[in-house]
Amino acid sequence: MSVKLVILLFFMGLELLSAQDKILQTRLSMELDNATLEEVLKEISARSGVIFSYNSRIIQSDKKISLSVSREPLADVLDKICQVFDLEYRLVRNQIVLRRTRAEKDTVTRVTLSGHIHDKSSSETLPGATVFIEELNTGTTTNAYGFFSLSLPPGEYRFYFSFVGFQAQTRHLVLDKNIRKTIELESESHILEEVTILVDENPENLQKSQSSQINVNPRILEFLPEFAGENGLIRSLQTLPGIQTHSDGSSFFFVRGGNKDQNLILIDEAPVYNPAHLFGFYSVIIPDVAKSINIYKADLPVDKAGRLSSVIDVQTRDGNMKRFNLEGVLNPLIYRFSVESPLFSERASFFTSFRRSNFNWLFRQEVPDSDLHIQDLNAKLNWQINEKNRVYLSLFQGNDNYTSIQDQEKVGVAWQNFTSTIRWNRIFNERLFSNATLYASEYNYTLFTGTFPWESEIRDVGLKLDFSWFPNPDLTWRFGFAHTNHEINPGNFSDVDEEIRPFIPKVYAGKAYETAMYMNREKRINERWSWRAGFRIPVFENQGPAYVFGFDENRIVTDTLNYRYGENIKSYFNPDLRLSARYRLSENSSLRFSWGTYSQNLHLLSNSISPFSSFEIWMPSGKNIKPQRARQFTSGITAWLPASGLEMSAELYNKRMYNQIEYANHAKLLLNPFLEGELYFGRSHAWGLELSVRRTKGRLTGWAGYTLSRVFNRFDGINDNRKYPAFYDRPHDFSLFLTYQLSRKLILSSNWQYHTGSAITTPTGFYHYDGSIVPIYTEKNNDRLPDYHRLDFALIWNLGNPSQRYQHSLHFGLYNLYNRLNPISINFNKVETLNGNYVVPANYYGTNEIISTKRHLGGIMPSITYKFRFE
């Protein structure tokens, strides 16, 4: 069935192309003697109804032509005209676009139109906005800071500026010198009548060579059914093809067969190592804070590398430069307030948001000494020094705390994310843009055991310098430099008394440094073909202080090396390459291909699939842990049907990964100096087909996505060296999200998800030993959890009038509408071995017989939330 859909999409693209060719086969008969180009074009339009689009300068020519044609195809007539006047033509949107031939254009001096595109109401820059020139059938998009640059031959042009959710703007500009413009787009006044929120519907998107990219408008998250009054990035990822999660209450997500640590999440260029609150039910990234969210599943940007599987790049709001705004969310379980305001009108602004949970009232009677909460703080300062210089200062802090006091000792878990970024935008001239970034990031995970807290953490300090050069509309260069310092604590007790400190084992990981240079070139060859190529040259170095152990084939320690502070332990040099291409089938359909190599030098170690019992330990590449490597090839087709507002896509991928990490049976990660001896290294192979259909216009909007995929591992020493499905192997994954506008005040939305259950290992037999039944395991991941599915529902009731300054609404939600109990694990009774260890997870107080039990998290969850905005 999936193959049939791909074939259908392919032939739809051919049909679109065939429909346009019919216009060029229109038969013409006419006689013209010594006519100008303008006269010829008017005559053709009168006889055929064809509309011409062109720069007025190209008809200002002394050349003339005599034509005598009888029932000749329009294409042949145009060929004759173009030969005389040194022109070329293309059919675009049922118009014939004329322009100078490439050879002639190369001799023409160019002038540049550059500038920023803003939100008119707030002066927020709009990243990813489209600039399109109809006469030339070319254009560009703004970068992450809303900047664009186009170098063109002098002339008069019609520019089309657009961004999803905003009213498009057309401007006629005469370019006779370099011009810098600030374009302000106005938000759709009818946004509550027709919800158009999903993607930018301009066909300029079809001209990009970038593969496997999803641009998520943060406003879409406001319409997704909420869990307990809030929604965010982690839960929304479940609705996108190629991105899969484990189950309820899990912060893990997996992209195209990659493991959970192979995803790079950036907030204003700083890495976030744990994007989840409450084990995945909430997210640190919420729609009211984000300005843009870009997700890359392949062809990862060379300036945002360091992971094998994906990049999630989040830009936060800059702050309103024109007026004061106050926003709030009130819910029985969580509350949030945001404030933004200009500091100096049109020059400087700030944005800040604070969120905190209110869980304690649920547990106060049963666990009076508990402290269960999540908390976020976002802040940003935006200062436009002058038209060439702009500075941003960003800060994010997120906390999770799930602790209680038992026998006067603190027990539980807690973690914290912190990022801070300073960025400086500099426009050197109309064609050269730069951004310098200095950032700090820290992730801390603490397990309170009742005596001494066990703590692991990773700290980063990084510097980046990026340049964008726009020689002409068909060519863009991006290049830069990055350096990052990593300081890692892989897990140790803290606050230990000096008397017993010598008896507590200490685990060292040392420090790591990564320096990289990168470059990317994107070139449009002609109307149909474009390509992009890039490389990243990183050097990774692991340094002391650290103890490094050598192991034999039986994982027994054979050597111990003590590295002093600053002493080099191991260096790695792994160049990464990117290559992608786009072939445009027609005005509204295109094919894309990509191939790339990727490397990763930071590794998350966790031997549990349960979010409630896993230890999160980050380790750098070194003598015993080699960098993870991957190669991925993709091919896909995208078709856009403007009349119905449908966008359809199909994409195939094939991905091979090396130096992947698995764990020895019953691996010990807590306070284990010989941790690296618990690891196995092997290969993974993932492949899949992703299908999606989106509707972006009208009262009914939404999308459906289906992924057919497999991922297999092969490790020496595991499963008799035979391949086996990875835990995150999901053959089938389907999601359907729909939003329906009942009226100006009422919006309905629903979300249904289904995926194959996770692969797990279960006993294949049993034997009796000393009065107990002991399980026998023969194959790894030989079984699966039951299939996961869930339906969510939401109703949004807008209470205010769109013309009023105070806007407010009620959001009613039903999470897991039909009360599906999705298991997150299957347990068996524990069996005590001869040395007193329990090797099969289960209940200590159960019988010795093997009894399987399923564990799930909750069922149906209703919610009601009040949201308001004052401006």
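1. In this predicted model, the side chains of lysine 380 and aspartate 268 form a salt bridge, with an N to O distance of 3.9 Å. Lysine 380 belongs to strand 25, while aspartate 268 sits in the loop between strand 16 (263-267) and strand 17 (270-271), so the pair ties together parts that are 112 residues apart in sequence. Lysine 380 has a relative accessible area of 4% and is therefore buried, the cut-off being under 20%. Aspartate 268 is also buried, at 2% relative accessibility.

2. Lysine 464 takes part in a salt bridge with aspartate 303 at 3.8 Å, N to O. Since lysine 464 lies in strand 29 and aspartate 303 in the loop between strand 20 (290-296) and strand 21 (310-316), this pair ties together parts that are 161 residues apart in sequence. Lysine 464 is at 6% relative accessibility and counts as buried.

3. Lysine 464 has a further salt bridge, to the side chain of aspartate 466, at 3.6 Å, N to O. Both of these residues are buried. They belong to a network of salt bridges that links Glu269, Asp303, Lys304, Asp313, Lys464 and Asp466. The structure as a whole holds 37 salt bridges. As a general point, side chains of opposite charge can pair when their charged atoms come close.

4. Strands 16, 17, 20 and 21 recur in an open sheet of five strands, whose order is 13-20-21-16-17 and whose pairing is mixed. Strand 13 (213-216) and strand 17 are the edge strands, each pairing on one side only. Strand 20 and strand 21 pair in the antiparallel sense, over six bridges. Within this sheet, isoleucine 295 has isoleucine 312, in strand 21, as its bridge partner. Strands of a sheet pair in general through backbone hydrogen bonds, either parallel or antiparallel.

5. Is glutamine 315, in strand 21, buried or exposed? At 3% relative accessibility, glutamine 315 counts as buried. Leaving aside neighbours within four places in sequence, its contacts are Ala144, Asp268, Glu269, Ala290, Lys291, Ser292 and Arg423. Among them is Asp268, the partner of lysine 380 in the salt bridge of point 1. Another is Glu269, a member of the salt-bridge network.

6. Which residues have the most contacts inside the largest nonpolar core? They are Tyr282, Tyr402 and Leu605, in a core of 37 residues. At least two residues of this core come from each of strand 25 (370-386), strand 27 (409-429), strand 28, strand 29, strand 38 (602-605), strand 39 (617-620) and strand 41 (646-663). A second, separate core has 29 residues, including Ile234, Val255, Ile265 and Ile295. In soluble globular proteins, nonpolar side chains tend to be buried together.

7. Tyrosine 402 touches residues from several stretches of the sequence: His277, Leu278 and Phe279; Asp371, Leu372, His373 and Ile374; and Val411, Gly412, Val413 and Trp415. That list does not count residues up to four places away in sequence.

8. The surface carries a nonpolar patch formed by Leu343, Phe344, Leu381, Leu393, Ile422, Leu438, Val461, Leu463, Leu465, Phe481 and Met517, with about 980 Å² of accessible area together. Strand 23 (334-344) and strand 29 (453-472) each supply at least two residues of the patch. Strand 29 gives the most, with three residues. Leucine 438, in strand 28 (residues 432-449), has a relative accessible area of 45% and is partly exposed. Strands 28 and 29 also each supply at least two residues of the largest nonpolar core.

9. Serine 114 is placed in strand 6 (residues 111-119). Serine 114 is buried, with a relative accessible area of 0%. Beyond residues up to four places away in sequence, serine 114 touches Phe147, Phe148, Ser149, Ile179, Arg180, Lys181 and Glu430.

10. Valine 693 lies in strand 42 (residues 679-695). Its relative accessible area of 36% makes valine 693 partly exposed. The C-alpha atoms of valine 693 and tryptophan 703 are 5.4 Å apart, although the two residues are 10 residues apart along the chain. Not counting residues up to four places away in sequence, valine 693 touches Leu646, Glu647, Met648, Gly702, Trp703 and Ala704.

Notes: Residues numbered from 1 in each chain as written. Predicted model: local features only at pLDDT ≥ 70, side-chain atom pairs only at ≥ 80, totals over all residues. Heavy atoms only, no water. Helix = DSSP H or I, 4+ residues; strand = E, 2+ residues; numbered from the N terminus. Buried < 20%, exposed > 50% of the residue type's maximum accessible area, 1.4 Å probe, protein only. Contact = heavy atoms within 4.5 Å. Patch = residues over 30% accessible without salt bridge, like charges linked within 9 Å, V, L, I, M, F, W, Y side chains within 5 Å. Areas by Shrake-Rupley, 256 points an atom, 1.4 Å probe, with all protein chains shown as cover. Salt bridge = Lys/Arg side-chain N within 4 Å of Asp/Glu carboxyl O. Core = buried A, V, L, I, M, F, W, Y, C linked by side-chain atoms within 4.5 Å. Pairing = 2+ DSSP bridges.
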